[in-house]
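I opened this model to look up a few things chain by chain. My entries follow in the order in which I made them.

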Amino acid sequence: MEDFEFLRNVTVGQYLPSDSLVHRLDPRTKITVLLLMVSAITFNVSYTANIILLIVSFAYVVLADVPVGYILRGVKPAIPFIIFMSAMQLLFYGGQFVPPNMPSVTLIKWSIVHVTTGSVQLVIISTLRFLQLMFLASLLTNTTTITKLTHGMESMMRPLARFGFPAHELSLVATIALRFVPIFGEQLEIVMKSQASRGAEIAAKGKLQFVQTARQVAVLVVPLFIDAFRRAEDLILAMGSRCYVGGKGRSHMIQLHFKPVDIVAMALNLVFAVVMLVFRNSFPL
Amino acid sequence: MTVGEPIITVNDLRHTYLRGSPLEVEALKGVNLEVYRGEALGIIGRTGAGKSTTVQHFNGLIRPREKGKVIVFGQDMADPNIDVRGIRQKVGLVFQYPEAQLFERLVGDDVAFGPRKMGLSQAEISERVRWAMNSVGLPFEEFKDRFTFSLSGGEMRKAAIAGVLALRPEVMVLDESTSGLDPRGRKDVLSLIRKGHDEENLTIVFISTNMDDLATLVDRIYVIHDGRTVLSGATREVFAQPEVLRGYGLGVPQITEVMHGLKGRGLPVDERCVSVSQAEEQVWKILSS
């Protein structure tokens, strides 16, 4: 049965209002913590380290009062790709990945198929990493409004403005782009429904139907583009009539201030990330 | 008008958007209604009351998954194996800003999209396109080769309606399809719907927040409030209860309001008038007695 309500499965980028500890943190704190955690995740390949990182990421989700099931729902559309990539890594990547903590033992070798304990580890670690990154990236947008997020980014990039870096402009572009995602999602849903109402076969019948003819796509893309241009023109008019001139000398309604809890959160995460990076090859498994 | 079997039956329908997420919204909490062949039916309610959600069940854009039953032309819409394209051909749905569905370069091609998808012969397709365009007031010969996106707003609206009409549906559902048009455009669209109803025996389901439009077009009205059908009856009967309607954040046609005012000042008029001509008759009666 067709289902037009795909916003139900898009969970990254959706702000969930709450008053949790994580919601109240300064957006710059959350961005910093995300960067620290991502670097720890990227450089750790051992089972132990990744389980620790998964537990910590999970703890952040619980602290943020975001339902774990909600974030996992966002993973669902990607599952076929994850399975496909894992299978490729498992079967053909055995000779190339050597885990630093353990010797790699060949399990199966037949023609080009080469499964080792190394490739098994690679698959498991990749999956764990994917979950960690999904939890954290989703969490940042689930607990931070777009306005705060972009103000945070702008404020973090501001020191670079001295060297001619367009901090304000970039954060404005990011704000507009992020703000338009749900709008286009809704508009796409309307266009899909309208075209289905006059006989178009829109919703894919099978889950794996990626290929659609250009003709079928045009039915959706042309109306969507026209709508996008119309909205962009409206936005330009609205900005112009409010005398928008860009970044220079512009004050902000939202003033960001670090609170003690922000300092503590950043300090703890810095220590944690450094420990995880320094001892990345010392974990037993 | 309400004779025979209903062609659409909705029974205790419920629907929740973003089900199972922290953002879920219970849009329908118990909608009951019936659409009979050949009638012109109105559905009114405030923004967010659940009107659009309800009518999107009529052609299977939303399927009943929770409690409730929707039967359209004898088919249970909860059954995943029904011929939903067949239903969509019988129940034409026009959205609030239908011009958002236009995509072809030429107006004629866009109107032909539905019939082509039905797999009709070339002759049958051009016959339908000609008929649909003529009935919405875009003469076929003059408009078929015009660029779609060079049309005016009102003409785009008509072209989009023609695109649904070309399916030759038995039921035409219009979801606030007159909003945002200038008075002339609105009058044109209303009269083409009226004409389809009178001449082609088209069943009409008309959603609107404009009570005057409704009064001129529909025979029967359902009021949906907060996801439930709370009131139904002949247009005159529904508009005879302005206090109840006001309680739901709705109003009555201006002329009905005038008649209620006259009655309130002690004139012996029948206040249930929904059109100017009915009111005129009443006023004449008093003046001549």
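**Chain B, overall**

I began with the surface of chain B, which exposes about 12700 Å², with carbon and sulfur atoms supplying 49% of it. The model is a predicted one, and I read every value below with that in mind.

I then went through the secondary structure and found twelve helices and ten strands in chain B. The radius of gyration is 20 Å, close to the 19 Å that the globule rule gives for 289 residues, so chain B is as compact as a globular protein of that length. For the extent of the C-alpha trace of chain B I noted about 65 × 50 × 40 Å along the principal axes.

I looked up burial next: 51% of the 289 residues of chain B count as buried. I also checked the contacts in chain B with a separation of 6 or more, and residues 24 or more positions apart account for 61% of them.

For charge, I have 36 positive and 39 negative side chains in chain B. The centres of these two sets lie 2 Å apart.

**Cores of chain B**

Which residues touch the most other members of the largest nonpolar core? I found B:Met172, B:Phe206, B:Val223 and B:Leu245, in a core of 49 residues. Helix α6 (residues 153-165) of chain B gives the largest share of this core, seven residues. I also noted a second, separate core of 34 residues, which includes B:Ile7, B:Ile8, B:Met77 and B:Ile224.

I followed B:Phe206 further. Leaving aside neighbours within four places in sequence, B:Phe206 is in contact with residues including B:Leu41, B:Ile43, B:Leu174, B:Leu190, B:Ile193, B:Leu214, B:Leu217 and B:Val218. I listed B:Gly42, B:Thr178 and B:Asp213 among the contacts of B:Phe206 as well.

**B:Ile207 and B:Glu176**

I moved on to B:Ile207, which lies in strand β8 (residues 203-207) of chain B. Is B:Ile207 buried or exposed? The relative accessibility of B:Ile207 is 0%, so I entered it as buried, the cut-off being under 20%.

With neighbours within four places in sequence left out, I found B:Ile207 in contact with B:Ile43, B:Lys51, B:Ser52, B:Val55, B:Leu174, B:Asp175 and B:Glu176. B:Ile43 and B:Leu174 are also in my list for B:Phe206. I took one distance from this residue: B:Ile207 and B:Leu287 are 80 residues apart in sequence and 37 Å apart in space, C-alpha to C-alpha.

B:Glu176, one of the contacts of B:Ile207, got an entry of its own. I placed B:Glu176 in the loop between β7 (171-175) and α7 (183-199) of chain B. Phi of B:Glu176 is near 50 degrees, a positive value in a residue other than glycine. At 14% relative accessibility B:Glu176 is under the 20% cut-off, so I counted it as buried.

**B:Ser121**

I found B:Ser121 in the loop between α3 (107-117) and α4 (122-135) of chain B. The relative accessibility of B:Ser121 is 43%, and I entered it as partly exposed. From B:Ser121 to B:Arg272 I noted 50 Å in space, C-alpha to C-alpha, with their positions 151 residues apart in sequence.

**Chain A, overall**

How many helices and strands does chain A have? I have ten helices and two strands for chain A, in the pattern α-α-α-α-α-β-β-α-α-α-α-α along the sequence. The C-alpha trace of chain A spans about 65 × 55 × 35 Å along its principal axes.

Of the 285 residues of chain A, I have 38% as buried. The accessible surface of chain A comes to about 16200 Å², and 72% of it belongs to carbon and sulfur atoms. Among contacts in chain A between residues at least 6 apart in sequence, 78% join residues at least 24 apart. I also looked up the charges of chain A, 24 positive and 15 negative, and their mean positions are 6 Å apart.

**Two serines of chain A**

I placed A:Ser111 in the loop between β1 (106-110) and β2 (113-116) of chain A. Phi of A:Ser111 is near 55 degrees, a positive value in a residue other than glycine. A:Ser111 counts as exposed at 59% relative accessibility.

A:Ser20 is in the segment before α1 (21-24) of chain A. I entered A:Ser20 as buried, with a relative accessible area of 9%. Not counting residues up to four places away in sequence, A:Ser20 touches A:Leu63, A:Ala64 and A:Asp65.

Key. Residues are numbered from 1 along each chain as its sequence is written. Chains are lettered from A and ligands numbered from 1 in the order in which they are written. This is a predicted model: local features need pLDDT of at least 70, side-chain atom pairs count only at pLDDT 80 or more; totals for chains, interfaces and linings use all residues. Side-chain values use heavy atoms; hydrogens and water are left out. Helices (H or I, at least four residues) and strands (E, at least two) are DSSP runs, numbered from the N terminus. The radius of gyration is taken over C-alpha atoms; the globule rule is 2.2 Å times the number of residues to the power 0.38. Buried means under 20% relative accessible area, exposed over 50%, partly exposed in between (1.4 Å probe, protein chains only). Contact means heavy atoms within 4.5 Å. Accessible areas come from the Shrake-Rupley method with a 1.4 Å probe; for residues, only the protein chains shown count as cover. Lys and Arg count as positive and Asp and Glu as negative; His and the chain ends are not counted. The place of a charge is taken as NZ of Lys, CZ of Arg, CG of Asp or CD of Glu. A nonpolar core is a set of buried Ala, Val, Leu, Ile, Met, Phe, Trp, Tyr and Cys residues joined through side-chain atoms within 4.5 Å.
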